[in-house]
Amino acid sequence: MDFQNRVGSKIRGGGVAGWSESNVDRRERLRKLALETIDISKDPYFMKNHLGSYECKLCLTLHTTEGSYLAHTQGKKHQTNLARRAAREAKESAAVQPAVGPAKPTVQRRTVIKIGRPGYRITKVRDPVTRQQGLLFQIQYPQIANDVIPRHRFMSAYEQKVEPPNKDYQYLLVAAEPYETVAFKIQSREIDRAPGKFWTHWDQDSRQFSLQFLYSSA
């Protein structure tokens, strides 16, 4: 009961504060607390617009002063939206997490000291019947280990990082430890892999790796 305006009451004798007065006092206390404890420059949802007002990007609310924005961040609406955002991000993060399975065994990589590039010879060839053009590669590996067989693969111009990619070319890679991997730049044409058109041979006695291919007919 409010005794402030009753006869005999003391001047400035405070009565029971109403809901609006309590709400104003609560928001003022929250604003002061936020000003003391929060670094607003690190708030990802704080934004100053072109009109000089302040916006909360999370709740899409507008505020006239920094203190008003900070008081808003301590309110129920902002805290609820923060909790919803955290729950959604946690759910999305869990969705992209790979399924936990048995631990994969670790493979220890061997350290091989490279001894340089091998010698090689490239010869242009042509099929006498179909007149298909091709290339013959002969690569010498005199110091290759007894248990190593050279390996090869074709690589597109967009896989390598040494030269600017050019769609008109591709690369033939040949690797054999302890030699450095060699790459040959060839035309980016379809390779004919029919029997007799594409073949490789490793001569263990002469330590020479041979590879020949023919381009498919246009």
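These questions and answers deal with a sheet, a pocket and an annotated stretch in a predicted model.

Student: In what order do the strands of the open three-stranded sheet lie?
Tutor: Strands of a sheet pair through backbone hydrogen bonds, either parallel or antiparallel. In this open sheet the pairing is antiparallel. The order of the three strands is β6-β7-β8.

Student: Why is one side of β6 and of β8 left without a neighbour in the sheet?
Tutor: β6 covers residues 151-156, and both β6 and β8 stand at the edges. One side of each is therefore left without a neighbour, because each has a single partner strand.

Student: What is the average twist from one strand to the next?
Tutor: The twist is taken between successive strands of the sheet in the order β6-β7-β8. Its average is 25 degrees.

Student: Which residue in β8 is the bridge partner of Tyr169?
Tutor: β7 and β8 pair in the antiparallel sense over six bridges. Tyr169 has its bridge partner in β8, and that partner is Gln187.

Student: Which elements give two or more residues to the lining of the largest pocket?
Tutor: The largest pocket has a volume of about 180 Å³. Its lining includes Tyr171, Leu173, Ala183 and Lys185, and the lining residues divide into five nonpolar, two polar and two charged. The elements that give two or more residues are β7 (169-175) and β8 (182-187).

Student: How far apart are the end C-alpha atoms over residues 54-84?
Tutor: An unreviewed UniProt entry annotates residues 54-84 as "domain: Matrin-type". Over these residues the chain is 55% helix and 19% strand. The end C-alpha atoms are apart by 22 Å.

Definitions and conventions:
Residues are numbered from 1 along each chain as its sequence is written. This is a predicted model: local features need pLDDT of at least 70, side-chain atom pairs count only at pLDDT 80 or more; totals for chains, interfaces and linings use all residues. Side-chain values use heavy atoms; hydrogens and water are left out. On a 1 Å grid over the protein atoms alone, a cavity is a set of points where a 1.4 Å probe fits but cannot get out, and a pocket is an open set with protein on both sides within 12 Å along at least five of seven lines; lining residues have an atom within 4 Å of a point. Grid points are joined across faces, edges and corners, and a volume is the space filled by probe spheres set on the points. Helices (H or I, at least four residues) and strands (E, at least two) are DSSP runs, numbered from the N terminus. Ala, Val, Leu, Ile, Met, Phe, Trp, Tyr, Cys and Pro count as nonpolar, Asp, Glu, Lys and Arg as charged, and the others, Gly among them, as polar. UniProt positions are given in the numbering used here, feature names are shortened, and annotations may be inferred rather than shown by experiment. Two strands pair if DSSP finds at least two bridges between them. Axes are lines fitted to C-alpha atoms, for helices over the stretch in contact, and angles run from 0 to 180 degrees between N-to-C directions.
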